[in-house]
Amino acid sequence: MVIKVGDHVKRCYSNEDGREIREQIKPLLLGGREVTVSFEGFGSVTSSFVNSAFIELLSSLDFGEIKERLDFADSNRQINRTIKRRFSFEVNERIDA
Amino acid sequence: MYRLLSEVVTDDRKPADSVVSFDFRTLQFIRPEGCVVLANLVEWLMRNGADCRFQYPSPEESKPVKYLDDSQFFADYLGESLSDFASPRRTTIPLQRVAYQESHGWLKSQLVPWLSNRLSMTEKSFSSIRACLGEIFNNIKDHAGEGVEVGCFFAQHYPREDRVQVAVSDFGVGIPANVRAVEESYLSDGQAIEQATEAGFTTESQPGNRGAGLNTLLHDVIEANGGELYIHSNRGMLSCVQDGSDDIQRISDEVPGVYPGTLISISFRTDTIENIPEEEFRW
């Protein structure tokens, strides 16, 4: 299933924008659906958006499940790099006290 | 800058006097960061109950004063420009106070078209720069403190040097104060700023705050653009540049003064900006 970011938010800027997207994709992912998030019309994302849209999913799904079910389309180097860097840190390096 | 700050701001972050007089008669030179520091300082003094006064030569007699006049500084703080001919220079976006709620729209409708026009490139080419500045505004919203969600902004294009200098400042509590709220208090202010740029360090000031903003800014400015990033806050500063092997070199230091808030200064290279191509995502 394709979720177009532009159908839900006008920008990929704040935590609130990210939460809006997460609310769309989380139930689908938890239900075992494969989801493709399309960034058509957007040229960049902030880390705040990525944190709230995608990283927060790690509290409900393990990374393997996210990689299996979540994909991204119509993106660019900046968007891909920001998403991958955030996931890489949270999965490989964050140590919770 | 720090000599000025040490005369105006006490060690415990209070105005040094109830009346502060800025004398521009001996000013030799000023840059974008200087404009932002001055504006931020005047705002901070007024916010803390000080009366600000200005002594200045005619803009015709002083290039730095003319630069400030063209940058709207005297219009903002005296109510009118010094000269009838004062007007923003095409190479600059003059002093602007941008509230967080307006920042996304402002970047899209003001900064990016200006960059596109100055550098004769498509607006899409500046997606990464727009994201960088979005990180700064999000940082202001998350950390500056209650009621402080405004950034003072100034940008200048230096065509002969292939760069755009951007300076953004807020007068919030400052990065060191936020870091020390969650981290060991033995850190100096410079070390605290460096800590704040570490991936994953978070002051958890907001539920969605995972400590990535400054680190992402660092990577986007230095690795992606090849630019330089400087952060000044309270008594510390951090310089971030690309070293000879393309890694990010961070140098923290203590400064002889107190900057009340945070100033971020970025030098973006314009010769490395390219239209960011579409790219397929692969885990």
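Helices (H or I, at least four residues) and strands (E, at least two) are taken as DSSP runs, numbered from the N terminus. On this basis chain A holds 4 helices and 3 strands, arranged along the sequence in the pattern β-α-β-α-α-β-α. With a radius of gyration of 12 Å, close to the 13 Å that the globule rule gives for 97 residues, chain A is as compact as a globular protein of that length; the radius is taken over C-alpha atoms, and the rule is 2.2 Å times the number of residues to the power 0.38.

The structure is a predicted model, in which local features need pLDDT of at least 70 and side-chain atom pairs count only at pLDDT 80 or more, whereas totals for chains, interfaces and linings use all residues. Residues are numbered from 1 along each chain as its sequence is written, chains are lettered from A and ligands numbered from 1 in the order in which they are written, and side-chain values use heavy atoms, with hydrogens and water left out. The model scores ipTM 0.89 and pTM 0.91. For chain B the mean pLDDT (the predictor's confidence in each residue, from 0 to 100) is 89, and 94% of its residues reach 70 or more.

The C-alpha trace of chain A spans about 40 × 25 × 20 Å along its principal axes. Of the 97 residues in chain A, 53% are buried, that is, under 20% relative accessible area (1.4 Å probe, protein chains only). Among contacts in chain A (heavy atoms within 4.5 Å) with a separation of 6 or more, 80% join residues 24 or more positions apart.

Pockets were located on a 1 Å grid over the protein atoms alone, as open sets of points where a 1.4 Å probe fits, with protein on both sides within 12 Å along at least five of seven lines; lining residues have an atom within 4 Å of a point. The largest pocket encloses about 930 Å³, a volume being the space filled by probe spheres set on the points. Its lining comprises 29 residues, with B:Met1, B:Leu4, B:Leu27, B:Phe29 and B:Gly34 nearest the centre. In chain B, helix 1 (2–8), strand 1 (19–23), helix 2 (32–47), strand 5 (163–170), strand 6 (228–242) and strand 7 (248–269) each give two or more residues to this lining.

The second largest pocket has a volume of about 540 Å³. It is lined by 26 residues, of which A:Gly41, A:Phe42, A:Gly43, A:Ser44 and B:Ser127 are the closest to its centre. Helix 5 (100–119) and helix 6 (127–143) of chain B are the elements that give two or more residues to the lining of this second pocket.

Definitions and conventions: Buried < 20%, exposed > 50% of the residue type's maximum accessible area, 1.4 Å probe, protein only.
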